[in-house]
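Visitor: Could you take me on a close look at a single part of this model? I would enjoy one connected tour rather than a list.

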Amino acid sequence: DEFMISCWAKPSSDATVRAFVAAGFNTVSGDATSLELCRKHGLKVIYRADTPEEARALADDLAILGWWVRDEPKEEQFAEVGAEVAALHEADPTRFAYVNLMAWMNLDNYLEVVKPRVLSYDYYQWWWGDANHFWRLEAHRNAALKAGIPLICWVEGTSDRRWEWGEKGQSYLPDNMPKLRQ
């Protein structure tokens, strides 16, 4: 019912949650350690449940938007991911089980095997450039429309690729605010 503005981060304190809210985010990744903080400040959570039983136990929690399953699975993992998604959908029939794809994955195979309730992918515009964005966005939009499910596109907010590679020395760049605004 609303446009999700999120970040790939889990809040760990009142200060970080307030910073997310002040920056305009309405959804974050989280788990049991961050759920109360998110409730307190009105953030929705894509929750990292350890088991379908945990999802079932928290199914009435209004702060939870969906259940985090996996980030960027390989195509040969789709059957396994589909089983995890089905188990979470059975545990909580009202929310989505969340999987994020790389932009070039086989969408027809993914949708057929995993049967998601949302389609989500990453777009690293500072690496790939504009030319790669629009045709991928169109392909994902068309696949989501055909499947009758919402589309989530994660747009990179920092251009320091050391964040992505887990390398030392990563930092927020001085010119990052215009990129975050975009």
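**A close look around arginine 95**

Guide: Happily! Let me begin with a trio of charged residues: Glu36, Arg39 and Asp61 are linked in a network of salt bridges. Please keep in mind that this is a predicted model. Within that network, arginine 39 and glutamate 36 form a salt bridge whose closest N and O atoms are 2.4 Å apart. Both residues belong to helix H2, three residues apart, which is about one turn of the helix. Arginine 39 counts as partly exposed, because its relative accessibility is 36%.

Asp61 takes us on to the part I would like to show you, since Asp61 is also among the contacts of arginine 95. You will find arginine 95 in the loop between helix H4 (78–91) and strand E5 (96–100). With a relative accessibility of 9%, below the 20% cut-off, arginine 95 counts as buried. Its side chain reaches two backbone oxygens: that of alanine 59 at 2.5 Å, and that of isoleucine 64, also at 2.5 Å. Leaving aside neighbours within four places in sequence, the contacts of arginine 95 also include Leu58, Trp67, His89 and Arg117.

Now step from the loop into strand E5, where five of five residues are buried. Phe96, Tyr98 and Asn100 point one way from E5, while Ala97 and Val99 point the other way. Strand E4 (residues 64–71) runs parallel to E5, and five bridges join the two. The chain passes from E4 through H4 to E5 in a right-handed β-α-β crossover. In the pairing of these strands, glycine 66 stands opposite phenylalanine 96. Glycine 66 is also one of the residues in contact with arginine 95.

Before we finish, here is a little of the wider setting. The chain has nine helices and seven strands, and buried residues make up 42% of its 182 residues. Seven salt bridges are counted in total. One of them joins aspartate 31 to lysine 10, with the closest N and O atoms 3.2 Å apart. Aspartate 31 lies in the loop between strand E2 (27–30) and helix H2 (35–41) and lysine 10 in the loop between strand E1 (6–7) and helix H1 (14–22), so this pair ties together parts 21 residues apart in sequence. Aspartate 31 is buried, at 18% relative accessible area, whereas lysine 10 is partly exposed at 41%.

Methods: Residues numbered from 1 in each chain as written. Predicted model: local features only at pLDDT ≥ 70, side-chain atom pairs only at ≥ 80, totals over all residues. Heavy atoms only, no water. Helix = DSSP H or I, 4+ residues; strand = E, 2+ residues; numbered from the N terminus. Buried < 20%, exposed > 50% of the residue type's maximum accessible area, 1.4 Å probe, protein only. Polar contact = N/O pair within 3.5 Å; in protein donor to acceptor, adjacent residues only side chain to side chain. Contact = heavy atoms within 4.5 Å. Pairing = 2+ DSSP bridges. Right-handed = clockwise from strand over helix to strand, strands pointing away. Salt bridge = Lys/Arg side-chain N within 4 Å of Asp/Glu carboxyl O.
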